[in-house]
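Student: Could you take me through one part of this structure in close detail? I would like to start from the charged side chains and see what surrounds them.

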Amino acid sequence: MRHGKKFNHLGRTASHRQAMLANMAISLIMHKRITTTLAKAKELKKYVEPLITRSKDDSTNSRRVVFSYLQNKEAIKELFSTVAEKVGDRPGGYTRIIKLGTRQGDAAPIAFIELVDFDENMAKAPKAAKRTRRSRKSATKAEAPAAETAEAPAAEEAKAE
């Protein structure tokens with residue numbers, strides 16, 4: 001029985017799963033966004049978020065602990081320099097998972113997982129609404145109440161005289 005065993009084994013042995021999550025975490029840190037299956041993305045989120053939290057404290061012990069998980073010097077440098085300074089004031093929630101649909105070959109649900117503060121598209125200010133033909137109708141409806149309110153003070157002045 002598997003009472004109380006809550007994490008997803010992903011159909012792999014413990015050593016294979018550990019190596020796969022470490023490789024995916026390195027790729028996520030280096031590239032800031034990776035595409036994978038939804039189940040792997042959810043497990044990677046649980047794996048990498050504590051490492052990012054640990055990187056906010058740049059001490060020798062923190063580096064050694066994170067290195068014991070990742071075993072990649074370049075990823076450690078990137079994590080403790082670039083990533084840690086971007087997420088320094090964030091209290092948690094360093095990654096975002098966005099579902100992309102299903103893979104054509106086996107219909108597996110696909111998603112990408114990304115570091116939140118590194119997404120250029122989300123960080124940009126929202127653009128002005130695109131003008132279409134339909135917006136003219138709604139714009140005239142919005143202008144009509146404004147015109148009525150402008151006429152109301154004039155009508156009150158006429159009554160006062």
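Tutor: Happy to; here is a walk through one acidic residue, its partners, and then the elements around them.

This is a predicted model, in which local features need pLDDT of at least 70 and side-chain atom pairs count only at pLDDT 80 or more, while totals for chains, interfaces and linings use all residues. Residues are numbered from 1 along each chain as its sequence is written, and side-chain values use heavy atoms, with hydrogens and water left out.

Let's begin with Glu-114, which sits in strand β3. Helices here (H or I, at least four residues) and strands (E, at least two) are DSSP runs, numbered from the N terminus. Glu-114 has a relative accessibility of 2%, so it counts as buried; buried means under 20% relative accessible area, exposed over 50%, and partly exposed in between (1.4 Å probe, protein chains only). Which arginines meet its side chain? The side chain of Glu-114 makes a polar contact of 2.7 Å with the side chain of Arg-33, and another of 2.6 Å with the side chain of Arg-96. A polar contact is a pair of N or O atoms within 3.5 Å; within protein, one must be able to donate a hydrogen and the other to accept it, and residues adjacent in sequence count only if both atoms are side-chain atoms. Setting aside residues up to four places away in sequence, Glu-114 touches Leu-28, Lys-32, Arg-33, Tyr-94, Thr-95, Arg-96, Ile-98 and Asp-119, where contact means heavy atoms within 4.5 Å.

Asp-119 takes us to the loop between β3 (109-115) and α5 (120-123). With a relative accessible area of 6%, Asp-119 is buried. Beyond its neighbours within four places in sequence, Asp-119 is in contact with Arg-33, Arg-96 and Glu-114. Asp-119 and Arg-33 are 86 residues apart in sequence, yet their C-alpha atoms are 8.5 Å apart in space.

Arg-33 also meets a ring: it lies over the face of Phe-112, at 4.2 Å from the ring centre. Lys-32 lies over the face of Phe-118, at 5.1 Å from the ring centre. For a charge to sit over a ring, NZ of Lys or CZ of Arg must be within 6 Å of the ring centre and within 35 degrees of the ring normal.

Lys-32 deserves a second look for its backbone. Lys-32 is in the loop between α1 and β1 and counts as buried, at 14% relative accessibility. Although it is not a glycine, Lys-32 has a positive phi of about 70 degrees. Most residues other than glycine have a negative phi. Gln-71, also not a glycine, has a positive phi near 55 degrees. Gln-71 is in the loop between α3 and α4 and counts as exposed, at 54% relative accessibility.

Just before Lys-32 comes helix α1. Helix α1 (residues 14-31) has 18 residues and reaches 26 Å from its first C-alpha to its last, close to the 26 Å expected at 1.5 Å a residue; that expected span is 1.5 Å times one less than the number of residues. Its buried residues include Leu-21 and Leu-28, and the buried residues of α1 pack against β1 (33-37), α2, α3, α4 (73-86), β2 (95-102) and β3.

Leu-21 leads on to another acidic residue, Glu-43, in helix α2 (residues 38-55). Glu-43 counts as buried at 10% relative accessibility. Leaving aside neighbours within four places in sequence, Glu-43 is in contact with Phe-7, Asn-8, Leu-10 and Leu-21. A polar atom of the Glu-43 side chain lies 3.4 Å from the backbone nitrogen of Asn-8.

Helix α2 also takes part in the one aromatic pair of the structure. Tyr-47 and Tyr-69 are edge-to-face, at 6.0 Å centre to centre with 80 degrees between the planes. Rings of Phe, Tyr and Trp (its six-membered ring) pair if their centres lie within 6.5 Å; planes under 30 degrees apart count as stacked, over 60 as edge-to-face and the rest as tilted. Because Tyr-47 lies in helix α2 and Tyr-69 in helix α3 (residues 60-70), the pair ties together parts that are 22 residues apart in sequence. Tyr-47 is buried, with a relative accessible area of 12%, whereas Tyr-69 is partly exposed at 39%.
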